[in-house]
Amino acid sequence: ISQNYKYQNLSKLELVQGFMPTWLNWLRTGKLGGRPIGPRTIEIYDYYFKLFLKLLPEEYSLPVISVDNFRLVLDVIPIEKYSTRRNVFDSLMSATKFLIEHGEYTLEERAKLSKIKPRRFLPPKRPCINQEQLNEVIKFIEVAKLGTSPYSRLLNKTLVLFISNAGLRSFEVANLTLEDVDLTNYVINVRLGKGRKNRRVGITQELRVILREYLEMRLSKFSNRKTFFVTGSGTSMNKHTIHQKIERLAKNFDFHFTPHALRRAFVTINVAKGRQLVYLQIACGHADITTTRSYCQTSEDEVLEAMRGW
């Protein structure tokens, strides 16, 4: 392999400015592998490749993308943070595939990197809340009047009920426009979800009530915004502001929940009500029903209670 590297001898800053835009554009347009990579995956690779560069100690060797440097970064990331370790690894593996195309990496080098793929040794944390806890959250929002304004409080309640009733991912919620939520036919049009796939989700009876209330106040205050969810200051919400809002709310309880925990609650609560798992799979946009099954966090105590009535 030639020692006159175009990318591999670049500094960390030069990699961010020179290498990353080209590599990510190849992923985005399908030049690397033939299939365009979705925006969410691009975002993940962008974030975790930069994290890899940030965590590299001052004393690192060139080329930057190497087995030795990845091991240095693994020393910094706690072993409990499996998802962080795995995402850094995945971003590097994609980058090496790009470098192979440019004759700056070999299949043998890539095989060595793949041998230190992070392995999970602790059970995954899958926070979820049940119906009673969800009711507690809603009651708290109504009684405690959490938020700086009536609109902000209503937004909190709508977001919690929206995700727990429709099962959308946080970035799918953030991408919704006013046109995507059809309260006449009770349909939510999810455009370019995970894997750049579109799908339709039904609007439950509980959700119809809160959405009408939210839309009435939302349109009276911020009629010029196309996005469905808008912050109290009038800006369009993104997945980060949704996470911040939910996590700020979660600090008031002795149980933990996130937007994704509310998505799991959608599956768990509906399974307890006897809904068909295949319906929930389609609503969640899962390619494999085993993923939907893993979202169901039915406890052993719930199983015992149910079996006593058999």
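Phenylalanine 162 and phenylalanine 228 are both buried, and that is where I'd like to start today. Keep in mind that we are looking at a predicted model. These two residues form an aromatic pair, with 6.4 Å from centre to centre and 35 degrees between the planes, which makes the pair tilted. Now, where do the partners sit? Phenylalanine 162 belongs to helix H7, residues 150–166. Phenylalanine 228 is in the loop between helix H9 (205–221) and helix H10 (239–250), so the pair ties together parts that are 66 residues apart in sequence.

Let me widen the view a little. Searching the whole structure turns up 22 aromatic pairs. Another of them joins phenylalanine 19 and tryptophan 23: the ring centres are 5.6 Å apart and the planes are at 20 degrees, so this pair is stacked. Stacked needs planes under 30 degrees apart, and the 20 degrees here meets that. Both residues lie in helix H1, residues 12–29, and they are four residues apart, about one turn of the helix. Are they buried or exposed? Phenylalanine 19 has a relative accessibility of 0%, so it counts as buried, and tryptophan 23 is buried as well, with a relative accessible area of 0%.

Those two also have company. Tyr7, Phe19, Trp23, Trp26, Tyr45, Phe49, Phe52 and Phe98 make up one aromatic cluster. If you have the model open, do colour those residues and have a look.

On to rings with a charge over them. Arginine 208 puts its charged end over the ring of tyrosine 186, 3.6 Å from the ring centre. There is also arginine 264, which lies over the face of tyrosine 295, at 5.6 Å from the ring centre.

Let's stay with tyrosine 186 for a moment. You'll find it in the loop between strand E1 (181–182) and strand E2 (187–190). Its relative accessible area is 29%, so tyrosine 186 is partly exposed. Its backbone is worth a look too: phi is positive, about 60 degrees, although the residue is not a glycine. Most residues other than glycine have a negative phi, and most peptide bonds are trans. That second point brings me to leucine 62 and proline 63, which are joined by a cis peptide bond with omega at about 0 degrees. Proline 63 is located in the loop between helix H2 (39–55) and helix H3 (67–76).

Now let's step back to the whole chain. How many helices and strands does the chain have? The secondary structure comes to 14 helices and three strands. Along the principal axes, the C-alpha atoms fill a box of roughly 65 × 55 × 35 Å. The chain has 310 residues, and 44% of them count as buried. Among contacts with a separation of 6 or more, 59% are between residues 24 or more positions apart. The accessible surface is about 17300 Å², and carbon and sulfur atoms account for 50% of that. As for charge, there are 48 positive and 30 negative charges in the chain, and their mean positions are 4 Å apart.

I'll finish at glycine 309, in the segment after helix H14 (300–308). With a relative accessible area of 63%, glycine 309 is exposed. Its C-alpha atom is separated by 57 Å from that of threonine 96, and the two residues are 213 residues apart along the chain. Thanks, everyone, and I'm happy to go back to any of these spots.

Definitions and conventions. Residues are numbered from 1 along each chain as its sequence is written. This is a predicted model: local features need pLDDT of at least 70, side-chain atom pairs count only at pLDDT 80 or more; totals for chains, interfaces and linings use all residues. Side-chain values use heavy atoms; hydrogens and water are left out. Rings of Phe, Tyr and Trp (its six-membered ring) pair if their centres lie within 6.5 Å; planes under 30 degrees apart count as stacked, over 60 as edge-to-face and the rest as tilted. Helices (H or I, at least four residues) and strands (E, at least two) are DSSP runs, numbered from the N terminus. Buried means under 20% relative accessible area, exposed over 50%, partly exposed in between (1.4 Å probe, protein chains only). A charge sits over a ring if NZ of Lys or CZ of Arg is within 6 Å of the ring centre and within 35 degrees of the ring normal. Contact means heavy atoms within 4.5 Å. Accessible areas come from the Shrake-Rupley method with a 1.4 Å probe; for residues, only the protein chains shown count as cover. Lys and Arg count as positive and Asp and Glu as negative; His and the chain ends are not counted. The place of a charge is taken as NZ of Lys, CZ of Arg, CG of Asp or CD of Glu.
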